[in-house]
Amino acid sequence: MLRVGTAGWDYRDWDGVVYPPGLKGTDRLRFLAGLLDAVEINVTFYRPVSPRLAERWLAAVADLPDFRFTAKLLNVFTHERRLPDKELAEYKEGIQPLLTAGRLGVLLAQFPYSFHNEEENRAYLVRLREDFAGFPLAVEVRHRSWQRREVREFLTRVGLEFVNLDQPLVSYSLGRTAWVTGRLGYLRAHGRRRDVWFEFGEDRQARYDYLYPPEELEELAVRTRELLGKAPEVYMIFNNHPAGQAAANALELARLLLGRRPPLPTCLLAAFPRLAAQFPAPD
């Protein structure tokens, strides 16, 4: 089972690009779920959500039984490396409806480049796994110090899924992998903006402002097929979200690997002209 999707769905610059004018709230989620197989929840990186909100998300995709969510862990857990009882309880309570409904593919613990392969950090991963017992949990690390066979064995032993990355190879970034350390494969595509990858100016999203050209999508398709040969379930998530580029690339990859050609809204075809040769227009 391959699920192709995007990191997030509620972006202002997707209005009139990915979404036809007038779509609001969970109608956007419902629209995107009609085109793709999964979505990564971003808001849970910034704050815990209420169970009621999770139930609204479930209602939006109720007639799409194969659709799945992944959800980022709260930044306090990953970037501050703290596990306060209050935040842990609130986070789990909010995301529980997705797990109970069988719609939660995996939780994503996204760590920054500064999180290196050190004894203290490996111990923290063990604690994180223990504190999220009962939840599927995947770990994204961006520094190449983790790219070692013993790390792969450690993650398998502890019970953590590994997130493979497509990112700019700048400095000592994690390189190409196709690891599976548990029950699923996970590949996140961040784009290849080498020029601004480590710059954090006023536009903090510039590093993800990237549209994969066809030849690079073919490379991603090869890696995804490699993961499919190792795991019964694979998530391929595009994080190059500025201006709707993640949605365009996700649709293209789903066409390459799954042969899907859903009708696309006129606004999306206008924003990305090359899609017109690959997908039909709406009736």
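What follows is a conversation about reading a predicted model, feature by feature.

Visitor: Let's start with the sheet. What holds strands together, and what is the strand order here?

Guide: As a general idea, strands of a sheet pair through backbone hydrogen bonds, either parallel or antiparallel. In this predicted model, the sheet is open and has 9 strands, with parallel pairing and the order E6-E5-E4-E3-E2-E1-E9-E8-E7.

Visitor: Which strands are the edge strands?

Guide: Look for strands that pair on one side only: here they are E6 (161-162) and E7 (164-166). At the E6 end, strand E5 (residues 137-140) runs parallel to E6, and 2 bridges join them. If you want a residue to click on, alanine 138 has glutamate 161 in E6 as its bridge partner.

Visitor: Does anything pack on that sheet? Which helix should I look at, and which strands does it touch?

Guide: Try helix H8 (residues 245-258), which packs on the sheet and touches E1 and E9. Its direction makes about 170° with that of E1.

Visitor: E9 keeps coming up. Which strands pair with E9, and over how many bridges?

Guide: Strand E1 (residues 2-7) pairs with E9 in the parallel sense over 5 bridges. Strand E8 (residues 184-189) also pairs with E9 in the parallel sense, over 6 bridges. Tyrosine 235 is a handy landmark in E9: arginine 3 stands opposite tyrosine 235, and tyrosine 186 has tyrosine 235 as its bridge partner.

Visitor: How do I read the two faces of a strand? Are the faces of E9 covered or open?

Guide: In a regular strand the side chains alternate between the two faces of the sheet. For E9, one side carries Glu233, Tyr235 and Ile237, while the other carries Val234, Met236 and Phe238. Both faces are covered, with all of those residues buried. Put another way, 6 of the 6 residues of E9 (residues 233-238) are buried, so the strand is largely enclosed by the rest of the structure.

Visitor: Now helix pairs. How do H7 and H8 sit against each other, and what is the angle between them?

Guide: Helix H7 (residues 214-228) and H8 have axes 10 Å apart and pack at an angle of about 60°. That angle makes H7 oblique to H8. The crossing is right-handed.

Visitor: Which residues make the contact between H7 and H8?

Guide: From H7 you have Leu217, Glu218, Leu220, Ala221, Thr224 and Arg225; from H8, Asn249, Glu252, Leu253, Leu256 and Leu257. By class, that contact has 6 nonpolar, 2 polar and 3 charged residues.

Visitor: And what about H2 and H4: at what angle do their axes cross?

Guide: The axes of helix H2 (residues 51-60) and helix H4 (residues 85-100) cross at roughly 25° and come within 7 Å. That makes H2 roughly parallel to H4, since angles under 35 degrees count that way. This crossing is right-handed. On the H2 side, Pro51, Ala54, Glu55, Trp57 and Leu58 meet Glu93, Gly94, Pro97 and Leu98 of H4. The tally for this contact is 6 nonpolar, 1 polar and 2 charged residues.

Visitor: Arginine 52 isn't in your contact list. Where does it lie, and is it buried or exposed?

Guide: Arginine 52 lies in H2. Arginine 52 counts as exposed, because its relative accessibility is 67% and the cut-off is over 50%. To get a feel for distances, its C-alpha atom and that of leucine 187 are separated by 29 Å, with their positions 135 residues apart along the chain.

Visitor: Let's do backbone angles. Which residues have a positive phi without being glycine?

Guide: Two to look at are serine 171, with a phi of about 55°, and alanine 243, with a phi near 60°. Serine 171 sits in the loop between E7 and E8 and is exposed, at 61% relative accessible area. Alanine 243 belongs to the loop between E9 and H8 and is partly exposed, at 37%.

Visitor: One last loop residue: where is lysine 230, and what is it in contact with?

Guide: Lysine 230 is in the loop between H7 and E9 and counts as partly exposed at 46% relative accessibility. Setting aside neighbours within four places in sequence, lysine 230 is in contact with Ala178 and Val180. The C-alpha atoms of lysine 230 and tryptophan 179 are separated by 8.4 Å, though the two are 51 residues apart along the chain.

Definitions and conventions. Residues are numbered from 1 along each chain as its sequence is written. This is a predicted model: local features need pLDDT of at least 70, side-chain atom pairs count only at pLDDT 80 or more; totals for chains, interfaces and linings use all residues. Side-chain values use heavy atoms; hydrogens and water are left out. Axes are lines fitted to C-alpha atoms, for helices over the stretch in contact, and angles run from 0 to 180 degrees between N-to-C directions. Helices (H or I, at least four residues) and strands (E, at least two) are DSSP runs, numbered from the N terminus. Angles under 35 degrees count as roughly parallel, over 145 as roughly antiparallel, 65 to 115 as roughly perpendicular and the rest as oblique. A crossing is left-handed if the near helix is turned anticlockwise from the far one by less than a right angle, and right-handed if clockwise. Contact means heavy atoms within 4.5 Å. Ala, Val, Leu, Ile, Met, Phe, Trp, Tyr, Cys and Pro count as nonpolar, Asp, Glu, Lys and Arg as charged, and the others, Gly among them, as polar. Buried means under 20% relative accessible area, exposed over 50%, partly exposed in between (1.4 Å probe, protein chains only). Two strands pair if DSSP finds at least two bridges between them.
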